[in-house]
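Me: I'm new to reading protein models and would like a close look at one part, the aromatic rings and what sits around them. Could you take me through that slowly?

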Amino acid sequence: MKLRLESFGELRLIDLTGKPVAFPEKGLLAICYLLDRYLQDGAGSEYPRSALARFLWDSHDNPDIMANLRKTISRIQARQTELGTELLVFTATGVRIKPDAFVCDLFELTKPDGDGALEKLRRLVAVLRQDFLAVLADQSFSTRQWIAGQRDKHMAILVDALKTALPAARSREDVSLIKEAALRIFRDAPDDENIRRILLEAYESEGQLENARRLFDASRHGLESALDVGLDVQALGEVRKVFAGSQSPPSVMEPPSDGGGRAPRPLPRLVLLPPGGMDAAGALPMLSGPLIEDVTIGLCALNTVSVVAPHTAARIARNADKAELILRHSISYVLDTRLTDHAGIATLFVQLIHAGGDEVIWAERFSLEKYDLISHRRDIARRIARELAGQVRRHETMRDSFEGNSAAYHSYLLGLRDVKRLSLPDIRRSRKAFREALQHSAHFAPALSGLSRTFLVEWLLTARGDSELLGLAEDYANRAIVADPSLAAGFRELGVAKLYLGDIDESVLALKLAEELGPHYADGIASYADTLVHASRPADALAKIERAISLNPLSPTDYLWTAAGANFALGQYAEALEQISAMDDRTPADRLSAACWAMLGDTKNARLYMRKVREIYPDFDVDKWLSLVPFKEQWQKEQYREALRRAGF
């Protein structure tokens, strides 16, 4: 009778009725091994007994392996006689298989491509649902190596079939098959960016983006647990970018790129600007300049970054239009340095800025006390150079998704510029730019998070309690997280959306994760501070916003607004007004100004700002507004209510 050998999952023989047939496990393993060689060579050549013994028992020196082989052969031959069939043929010196005597699931992998691409993929998915030889009682080192190689080969066959089938996928059933194949590959290669992209599009076409998010998140946490690491996923390279260049509609998927034809990207250019600030005389300015030159020289030894020469850096620093020169010279990163007086101690403040997005990536303060700088200049230079190299490397990994679609990146930068201005026309212009970026690249995570921010800011500015805006903000934040779980911005926007949806504890958790993913991400830390204000932790909020301001000293308006809110909650009304006075556009904080002046007893100024608010929002209602703005503890609402009532609202 013709038996069937199953090798995926449990290794076993079954008869025509589907019942298991007893057979020595070493014999079944030998059949799989010899069948692989037969399928490669295309002929049933004899294999030496000694080589088979070494494969099964892993020893060149132990004479017992030949005795073990003889005993196994004896059991196999006895069992074949009982079954009345011959699967393995033994000679005095060798062994060969009789492939016509049985059928095997391995034949499905080499069947001629008579079917269509989708049918072939369906056949392979059915076979490869379980790992090859997933359950074996006893394995030698040689066996384990061979099995691992076979599994890699099988996955390569599945990947090729998936690439071939992708252009043919049209129906919902086709997309479901594509997703199942991608999930099988994802199980073995969870950080493959192309497989992530395929899964993302498949889930999106089925309206199941949240399932994709959970899948990617579980994969990330699984690897962290296996490696016993924290949240430094960027440094580990555990979560790569979802391929951002797809322009196909959800029902027509594009095959992943082979990646062979992509030209190497030029090295990112870094300029280190000599220190400004503190017009102090003496050795300090004289030594801080050479310190930056030491850093520059140290970085020149790296092959991961191109460093602008100190002479050009000095000319850029002195130019009135630094931004234009930075753009003209294709500079990606700027290390801005300043001499400052910090708590009575002279310090060198450095911050690394990504020029394209005007984003602070890293900042630090170094003591420049007289003897410290003279004796430790080289040590400080090495520390700065080492940190710079690491930060640029990590940020360049994040930027990989930008390079696939320059049009998307250009639109994204335009949106990023406008979203920082807290006015409705700017916010809506920013939204248009982010939408244009997504038209070029549907899963471009930075644009998705930027779009989420536009809805949040509009909700704040209009103060109408439009729940649809918050729903859109949450939705796009979740999409950004699915597209790139390592991007702190997605968690930042989710945290802010959760705050205004009233889920304060969830907001704190999301923003805490954003800070862990981006410890120098000033905007994320500022949003964390704002949530802590609403979580009735104003002292913690003030510490966070001061950290954000230290990372981004020329702070945007919303930083100062948050600082003012924290001071107000602490009863420090004069300090809150100082923060508001430093804002470029104070209009968004007019309500808070009126409240502060009222609590200070200055009715005239309180009424002045109350009227300004009424001019823009004539239907503003204190109780309705307080019902919309979440505060964890009632005392904060009562504090605001009393202040706004005193101001005349």
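Reply: Sure! One term to start with: a residue is called buried when its relative accessible area is under 20%. Keep in mind, too, that this is a predicted model.

Let's begin with the rings. The structure holds 15 aromatic pairs. One of them joins Phe-568 and Tyr-573 in an edge-to-face arrangement, with 5.3 Å from centre to centre and 65 degrees between the planes. Are these two buried or exposed? Both Phe-568 and Tyr-573 are buried. Another pair, Phe-631 with Tyr-640, is stacked: the centres are 5.9 Å apart and the planes differ by 25 degrees. Phe-631 has 11% relative accessibility, so it counts as buried. Tyr-640 counts as buried as well, because its relative accessibility is 13%.

Now put those four residues into a wider picture. Phe-568, Tyr-573, Phe-631 and Tyr-640 belong to one aromatic cluster, which also includes Phe-620, Trp-625 and Phe-649.

There's another ring worth a look, and this one has a charge for company. The charged end of Arg-479 sits over the ring of Tyr-476, 5.8 Å from the ring's centre. To see where that happens, find helix H18, which runs over residues 467–483. H18 has 17 residues and reaches 24 Å from its first C-alpha to its last, close to the 24 Å expected at 1.5 Å a residue. Which residues of H18 are buried? Tyr-476 is one of them, and the others include Leu-469, Leu-470, Ala-473, Ala-477 and Ile-481.

What about the nonpolar residues? In soluble globular proteins, nonpolar side chains tend to be buried together. Here, the largest nonpolar core has 64 residues, and those with the most contacts inside it are Tyr-412, Phe-444, Ala-447 and Ile-545. Zoom in on Ile-545: setting aside neighbours within four places in sequence, it is in contact with Ala-526, Ala-529, Tyr-559, Thr-562 and Ala-563. Apart from that core lies another, of 63 residues, among them Leu-3, Leu-35, Leu-177 and Phe-186.

Leu-3 gives us a handy stepping stone, since strand S1 covers residues 3–6. S1 pairs with S7 in the parallel sense over three bridges, and the bridge partner of Leu-5 in S7 is Cys-104. Both strands belong to an open sheet of four strands, in the order S3-S2-S1-S7 and with mixed pairing. At its edges are S3 (20–21) and S7 (102–104), each pairing on one side only.

Definitions and conventions:
Residues are numbered from 1 along each chain as its sequence is written. This is a predicted model: local features need pLDDT of at least 70, side-chain atom pairs count only at pLDDT 80 or more; totals for chains, interfaces and linings use all residues. Side-chain values use heavy atoms; hydrogens and water are left out. Rings of Phe, Tyr and Trp (its six-membered ring) pair if their centres lie within 6.5 Å; planes under 30 degrees apart count as stacked, over 60 as edge-to-face and the rest as tilted. Buried means under 20% relative accessible area, exposed over 50%, partly exposed in between (1.4 Å probe, protein chains only). A charge sits over a ring if NZ of Lys or CZ of Arg is within 6 Å of the ring centre and within 35 degrees of the ring normal. Two strands pair if DSSP finds at least two bridges between them. Helices (H or I, at least four residues) and strands (E, at least two) are DSSP runs, numbered from the N terminus. A nonpolar core is a set of buried Ala, Val, Leu, Ile, Met, Phe, Trp, Tyr and Cys residues joined through side-chain atoms within 4.5 Å. Contact means heavy atoms within 4.5 Å. The expected span of a helix is 1.5 Å times one less than its number of residues.
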